[in-house]
Each structure stands twice: as structure tokens, then as C-alpha cells.
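Reader: Please take me closely through the pockets of this model, with the linings described residue by residue where that can be done.

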Amino acid sequence: MKNLLKLESLGLFALSIWAYIAFFPNQWGTFAWLILAPDLSFLAIILSKKIGLHVYNLFHHQGLIALTIILGFYWPIPLLLQISIIFMAHSTIDRVLGYGLKLESFDHTHLGWIGKSTFKNDEQ
């Protein structure tokens, strides 16, 4: 199932890149600057671990990102659409690499354990 989810995310990544090319063909500099921006949400851990986990998940939640894509397209708000597509590309490639939404810790995601904790995936 985990590989199927990764394949699905790879498809969404391809769709995100296609959408970015279609709507913002000559703005790859913006894409390059913002592709890692959602990971800045980790800085919320300064406030607390729990807040850090929630803020990280908020910036990587594909349902919320899809909603902002729809809003940016239909209102139209080009900057919102552009940032949302970039965030979707980031979130999907994170999922392909095994980094999912965080559960009770940063190394435990909805896709399983990551990093040095990967051995815990065998215990499940």
C-alpha cells in the first residue's frame, strides 16, 4: 500500500509540474526559490513540539493545498495559485521520498517511520 501511495504522489507531482508549466511557463526562478519553503514550517518547533507538528502538517496537507489551488484559480489570484502549485509539488515529492504527515514525532509519519527509526516499520 505504501508503494501505491508513493506512485499516486508521483502522479500528483507530475500534474503539479504540468500545471506550473501551463500557468507560469517563464517563472522557474520563483519555483526554485519556493520549492523548499513549506519546510520552513519546522521553525514552529521553537514554540513547542506539538505546535511544530501541527504547523508542519498544515503546510504539507494536500487537501488544504488543493483548496488554495482552486481558490487561486477561480477567484483568480495568480500569486496564490502559483504558490499553491509549488507547495503541492513540494508535498507530493516529500511523499514520494517517504516523508508524510507527522504523527506524534517528526520521524513517525502516516507513511511509516523515517530516518534512523525505519527499523520500527518492521515491527508493525
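Author: What follows looks at the two pockets in turn, beginning with the largest.
The model is predicted, with local features needing pLDDT of at least 70 and side-chain atom pairs pLDDT 80 or more, while totals for chains, interfaces and linings use all residues. Residues are numbered from 1 along each chain as its sequence is written, and side-chain values use heavy atoms, without hydrogens or water.

The largest pocket holds about 230 Å³ of space; a pocket here is an open set of points on a 1 Å grid over the protein atoms alone, where a 1.4 Å probe fits, with protein on both sides within 12 Å along at least five of seven lines, and its volume is the space filled by probe spheres set on those points. Its lining (residues with an atom within 4 Å of a point) has 14 members, and the closest to the centre are L15, S16, A19, I69 and I85. Two or more lining residues come from each of the helices α1 (2-23), α4 (62-74) and α5 (78-96), helices being DSSP runs of H or I of at least four residues. The greatest contribution is that of α1, with six residues. By class, the lining has 13 nonpolar residues, one polar and no charged, where Asp, Glu, Lys and Arg count as charged, Ala, Val, Leu, Ile, Met, Phe, Trp, Tyr, Cys and Pro as nonpolar, and the others as polar.

The second largest pocket has a volume of about 160 Å³, and its lining is made up of L58, F59, H61, L64, I65, T68, L80, I83, S84 and F87. Here α3 (49-60), α4 and α5 each supply at least two residues, with the largest share, four residues, coming from α5. This second lining divides into seven nonpolar and three polar residues, with no charged ones.
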